Amino acid sequence: PQPRNTSAMTPTLYLRLATMVFLHFFVWSCWYNTMSVYLGKLNFTGTQVGLAYGTTAIGALVSPFLIGVIADRYVPAQRLLGGLHLLGAALLWWISQQTSFDVFYPSLIAYTLTYMAGHGLINTITLTHAPNPSRWFPVVMAAAAIGWIAAALVVNSAQLADNQGMFKLACGIAVAVGLYSFTLPNTPPKGEAGPV
């Protein structure tokens, strides 16, 4: 194993990593906090709203099996993160157009599979490049809370809490973080490519 860099975190590296974390969690907060209000306007039942919120759990459980193998063996983490956010942006736009639960629900499951995989990828990128990770990882990850709160403030101030605009805003930010991810420090896969 290569020796870990224990030098001080440079302001530039901190800003790059914190921006990644901020944008990643901004996307989620755009729609997750107030989705129930919007789905109520679409006349979804309480059970359907609950199922919609459960999609993040499905994504968190399934995505490591689907995406984890690719990240560990074949594709640098920053490129995979970028690709998943761009795919997610397309799915978010599609979701914003849906008014039937039969289409909305599987589409949201597909989206959360792309999004929830990003948690592990941002952790990998941060832990790989942050000097002294035990000190700097929580400092970088504090940007998650800031991104979450900022998105909620934007959604409320722009009056998007009860309409499809929340998904469209998330789509736009997902495009931004997707493109931004390709500029992040290279984080090559650490596993050996071979039979899965």
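A crossing of two helices is left-handed if the near helix is turned anticlockwise from the far one by less than a right angle, and right-handed if clockwise. The views below come from a predicted model, in which local features need pLDDT of at least 70 and side-chain atom pairs count only at pLDDT 80 or more, while totals for chains, interfaces and linings use all residues. Residues are numbered from 1 along each chain as its sequence is written, and side-chain values use heavy atoms, with hydrogens and water left out.

**View A. Packing of helix 3 against helix 6.** Helices (H or I, at least four residues) are DSSP runs, numbered from the N terminus. Helix 3 and helix 6 (residues 101–129) pack at an angle of about 20°, and their axes are 9 Å apart; axes are lines fitted to C-alpha atoms over the stretch in contact, and angles run from 0 to 180 degrees between N-to-C directions. The two helices are therefore roughly parallel (an angle under 35 degrees). Their crossing is left-handed. Gln48, Leu51 and Ala52 of helix 3 make the contact (heavy atoms within 4.5 Å) with Phe101, Phe104, Tyr105 and Leu108 of helix 6.

**View B. The buried side of helix 3.** In helix 3 (residues 46–53), the buried residues (under 20% relative accessible area, 1.4 Å probe, protein chains only) are Val49, Ala52 and Tyr53. These residues lie on the same side of helix 3 because they cover an arc of only 95° around the axis, taken from the directions from the helix axis to the C-beta atoms.

**View C. Tyr105 in helix 6.** Tyr105 is buried, with a relative accessible area of 18%. Not counting residues up to four places away in sequence, Tyr105 touches Leu51, Ala52, Thr55 and Ile58. Between Tyr105 and Ala52 the C-alpha to C-alpha distance is 6.1 Å, although 53 residues separate them in sequence.

**View D. The salt bridge between Lys41 and Asp162.** One salt bridge (a side-chain nitrogen of Lys or Arg within 4 Å of a carboxyl oxygen of Asp or Glu) is found in the whole structure. The closest N and O atoms of Lys41 and Asp162 are 3.5 Å apart. Lys41 lies in helix 2 (residues 35–41) and Asp162 in the loop between helix 7 (133–157) and helix 8 (165–181), so the pair ties together parts that are 121 residues apart in sequence. Lys41 is exposed (over 50%) at 53% relative accessibility, whereas Asp162, at 30%, is partly exposed (between the 20% and 50% limits).

Key:
Parallel < 35°, antiparallel > 145°, perpendicular 65-115°, else oblique.
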